[in-house]
Amino acid sequence: MDSTVSFFAMPIGTQISNVGSEVQSALRWRKAGNRQREISFCEKAIEFLTVMQQDPKNKHRIGELDACIEELRDFFLGDNEYHTSEETLIRYYDAFLYQAD
């Protein structure tokens, strides 16, 4: 089965929880000083968000998903011009963990 189709079958809470898991992993690798792994997990989170944008049930969330992608790129790959903190990312994505249950 196509992995995109199975991702589409997940509720939004589960989809975003998968993103949050990748973000958490990227943050752990950042603390461990492994830039390659940090970037790899960040890119996976961005990939999940991009797939979410293609999911018809998320068509009214495109703006928020765009903002999430932009913030992750800025924080992990850019100069953190938005002054995002690790705590901000954790709080945002952890809020969806409770919806996924």
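At what angle do H2 and helix H4 pack, and how far apart are their axes?

## Packing of H2 against H4

In this predicted model, H2 and helix H4, the latter spanning residues 62–77, pack at an angle of about 10 degrees, and their axes lie 12 Å apart. That angle makes H2 roughly parallel to H4, since angles under 35 degrees count as roughly parallel.

On the H2 side the contact is made by Val23, Ala26, Leu27 and Arg30, while H4 contributes Leu72, Phe75 and Phe76. Sorted by class, the contact of H2 with H4 has six nonpolar residues, no polar residues and one charged residue. Arg is counted as charged, and Arg30 of H2 is among the residues that make this contact.

## A salt bridge between H5 and H2

A search of the whole structure finds five salt bridges, one of which joins the side chains of Glu86 and Lys31, with an N to O distance of 3.6 Å. Because Glu86 lies in helix H5 (residues 86–100) and Lys31 in helix H2 (residues 12–32), the pair ties together parts that are 55 residues apart in sequence.

The two partners differ in their exposure: Glu86 is buried, with a relative accessible area of 17%, whereas Lys31 counts as exposed at 65% relative accessibility. The value for Glu86 falls in the buried class because that class covers residues under 20% relative accessible area.

## A salt bridge within H3

Glu38 forms a salt bridge with Arg35, and the closest N and O atoms of this pair are 3.1 Å apart. Both residues lie in helix H3, which covers residues 35–54, and they are three residues apart, about one turn of the helix. Glu38 is buried, its relative accessible area being 4%, while Arg35 is partly exposed, with a relative accessible area of 39%.

## The Lys57 and Asp55 pair, and a shared network

A further salt bridge is formed by Lys57 with Asp55, where the closest N and O atoms are 2.7 Å apart. Here Lys57 counts as partly exposed at 32% relative accessibility, and Asp55, at 3% relative accessibility, counts as buried.

Apart from these pairs, salt bridges that share partners join Arg30, Arg35 and Glu38 into one network. Arg30 therefore appears in two settings, as a member of this network and as one of the H2 residues in the contact with H4, a contact between helices that are roughly parallel.

Conventions
Residues are numbered from 1 along each chain as its sequence is written. This is a predicted model: local features need pLDDT of at least 70, side-chain atom pairs count only at pLDDT 80 or more; totals for chains, interfaces and linings use all residues. Side-chain values use heavy atoms; hydrogens and water are left out. A salt bridge is a side-chain nitrogen of Lys or Arg within 4 Å of a carboxyl oxygen of Asp or Glu. Helices (H or I, at least four residues) and strands (E, at least two) are DSSP runs, numbered from the N terminus. Buried means under 20% relative accessible area, exposed over 50%, partly exposed in between (1.4 Å probe, protein chains only). Axes are lines fitted to C-alpha atoms, for helices over the stretch in contact, and angles run from 0 to 180 degrees between N-to-C directions. Angles under 35 degrees count as roughly parallel, over 145 as roughly antiparallel, 65 to 115 as roughly perpendicular and the rest as oblique. Contact means heavy atoms within 4.5 Å.
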